[in-house]
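Me: I would like a close look at a single part of this model, taken slowly and with its surroundings included. Please choose one helix and follow it from one end to the other.

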Amino acid sequence: MAEQPTHATSTAESDKGYWAANVRIILISLVIWALVSFGFGILLRPMLSGIAVGGTDLGFWFAQQGSILVFLALIFFYAFRMNKLDAEFGVEEE
């Protein structure tokens, strides 16, 4: 006879799903942040030097302003996505 799943088992599965989704969002955000700040600002700067933005080249702009703006956008994205994830798993704040 098959055992019925207990409440503890379903809670543990739900917790694993929640943290897997959370870690996935964090990893995606970190990859975007690293690509913009390190990739565009340092590694790809010579290739972006021919594109003018705000009176300077795009590589310099990413190193000075673009990475900060992308970082702020990632903060808002993370907060928005985590609110949706919290609601999905029933752990939202009251």
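Reply: The bend at a residue is the angle between two fitted axes, one for the seven residues ending there and one for the seven starting there. In this predicted model, that angle matters for helix α3, which covers residues 58-89 and has a kink of about 50 degrees centred on Gln65.

The N-terminal end of α3 is capped by Asp57, which places a side-chain oxygen 3.3 Å from the backbone nitrogen of Gly59. Asp57 also takes part in a salt bridge with Arg45, in which the closest N and O atoms are 3.6 Å apart, and by the rule used here, which asks for a side-chain nitrogen of Lys or Arg within 4 Å of a carboxyl oxygen of Asp or Glu, the count comes to 1 salt bridge. Because Arg45 belongs to helix α2 (residues 45-48) and Asp57 to strand β2 (residues 56-57), this pair ties together parts that are 12 residues apart in sequence. The two partners can also be described by their exposure: Asp57 is buried, with a relative accessible area of 16%, whereas Arg45 is partly exposed, at 34%.

Along α3 itself, the buried residues are Leu58, Gly59, Phe62, Gly66, Ser67, Leu74, Met82, Leu85 and Asp86. An α-helix has 3.6 residues a turn, so residues three or four places apart point the same way. Met82 and Leu85, both on that list of buried residues, are also members of the largest nonpolar core, a set of 5 residues that includes Tyr18, Ala21 and Ile25 as well. The elements that give two or more residues to this core are α1 (7-43) and α3, and α1 gives the most, with 3 residues. Leu85 shows this pairing of helices in detail, since, leaving aside its neighbours within four places in sequence, Leu85 is in contact with Tyr18, Ala21, Asn22 and Ile25.

A further point where α3 can be viewed from its surroundings is Ser29, a residue of helix α1. Ser29 is buried, with a relative accessible area of 11%, and, once its neighbours within four places in sequence are set aside, Ser29 is in contact with Leu74 and Phe77. Of these two partners, Leu74 is among the buried residues of α3.

At the far end, α3 is followed by Gly90, a residue whose phi is positive, near 70 degrees.

How values were computed
Residues numbered from 1 in each chain as written. Predicted model: local features only at pLDDT ≥ 70, side-chain atom pairs only at ≥ 80, totals over all residues. Heavy atoms only, no water. Helix = DSSP H or I, 4+ residues; strand = E, 2+ residues; numbered from the N terminus. Buried < 20%, exposed > 50% of the residue type's maximum accessible area, 1.4 Å probe, protein only. Polar contact = N/O pair within 3.5 Å; in protein donor to acceptor, adjacent residues only side chain to side chain. Core = buried A, V, L, I, M, F, W, Y, C linked by side-chain atoms within 4.5 Å. Contact = heavy atoms within 4.5 Å.
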